[in-house]
Amino acid sequence: MLKIESPAKLNLVLEVLGKRPDGFHEIRSVMQTIDLCDEIIIEEHPASNHIELHTDKMACPVDEKNLVWFAVQLLREKTSFDKGLQITINKHIPIGGGLGGGSSNSGTVILALVHNYALKISDADLWRIAGRIGSDVAF
């Protein structure tokens, strides 16, 4: 079992640049993490490639609409990682509050899985995955 913290962040400076072909905008930003964190618990599930997502907030999706779910799927596309996962997100970062909770959760889960399972993936591929999820995920 992995138990990790996913910090909220503040945009101290944010400049929205041009729109990318994928519909996201390029940004130039100065960000800072703050002490407010979501708690994420990752456990193995016996079924290969299975993702089971739980959260303590009804407003937080627990399917492919969740950025964590999307992040795991993108990581699977770039690696041989096929472990079944049960992921629990205990939300402390307000949903939709502009503190980057979903982005932080997805990036934190990617890094935790890469490090815990020693996944072979290039930094360039990690950057590409982060960019597909959202402009601030790489932070």
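**Exercise 1. Which helices do the buried residues of α3 pack against?**

Solution. Start with the element itself: α3 spans residues 123–133, and helices here are DSSP runs of H or I with at least four residues, strands are runs of E with at least two, both numbered from the N terminus. The model is predicted, so local features need pLDDT of at least 70 and side-chain atom pairs count only at pLDDT 80 or more, while totals for chains, interfaces and linings use all residues. Residues are numbered from 1 along each chain as its sequence is written, and side-chain values use heavy atoms, with hydrogens and water left out.

Next, list the buried residues of α3: D125, L126, I129, A130, G131 and I133. Buried means under 20% relative accessible area, exposed means over 50%, and partly exposed lies in between (1.4 Å probe, protein chains only). Finally, look for their partners, where contact means heavy atoms within 4.5 Å. The buried residues of α3 pack against α1 and α2.

As background to such a list, an α-helix has 3.6 residues a turn, so residues three or four places apart point the same way.

**Exercise 2. Describe the surroundings of T79.**

Solution. Step one is the location: T79 sits in the loop between α1 (67–78) and β4 (84–90). Step two is exposure: T79 is classed as buried because its relative accessibility is 14%.

Step three is the polar contacts (pairs of N or O atoms within 3.5 Å; within protein, one must be able to donate a hydrogen and the other to accept it, and residues adjacent in sequence count only if both atoms are side-chain atoms). The T79 side chain comes to 2.9 Å from the backbone oxygen of L75. A polar atom of the T79 side chain is also 3.2 Å from the backbone nitrogen of F81.

Step four sets aside residues up to four places away in sequence; T79 then touches L119, K120 and I121.

**Exercise 3. Which residues form the aromatic pair, and where in the chain do they lie?**

Solution. The rule is that rings of Phe, Tyr and Trp (its six-membered ring) pair if their centres lie within 6.5 Å; planes under 30 degrees apart count as stacked, over 60 as edge-to-face and the rest as tilted. Searching the whole structure gives one aromatic pair. Its members are F81 and Y117, with 4.9 Å from centre to centre and 50° between the planes, so the pair counts as tilted.

F81 belongs to the loop between α1 and β4, and Y117 to the loop between α2 and α3; the pair links distant parts of the chain, 36 residues apart. F81 is buried, at 5% relative accessible area.

**Exercise 4. Describe the lining of the largest pocket.**

Solution. On a 1 Å grid over the protein atoms alone, a pocket is an open set of points where a 1.4 Å probe fits, with protein on both sides within 12 Å along at least five of seven lines; lining residues have an atom within 4 Å of a point. Grid points are joined across faces, edges and corners, and a volume is the space filled by probe spheres set on the points.

The largest pocket has a volume of about 370 Å³. It is lined by 19 residues, and G107, L111, V137, A138 and F139 are the closest to its centre. At least two lining residues come from each of β1 (2–19), α2 (101–116) and α3. The largest contribution is that of α2, with six residues.

For the classes, Ala, Val, Leu, Ile, Met, Phe, Trp, Tyr, Cys and Pro count as nonpolar, Asp, Glu, Lys and Arg as charged, and the others, Gly among them, as polar. The lining of the largest pocket has 10 nonpolar, six polar and three charged residues.

**Exercise 5. Is K19 buried or exposed, and what does K19 contact?**

Solution. K19 is in strand β1. With a relative accessible area of 60%, K19 is exposed. Apart from neighbours within four places in sequence, K19 contacts F24 and H25.

**Exercise 6. Place I34 in the structure.**

Solution. I34 is part of strand β2 (residues 25–45). Its relative accessible area is 28%, so I34 counts as partly exposed. Neighbours within four places in sequence aside, I34 is in contact with P7, A8 and L10. The C-alpha atoms of I34 and W127 are 23 Å apart, with their positions 93 residues apart along the chain.
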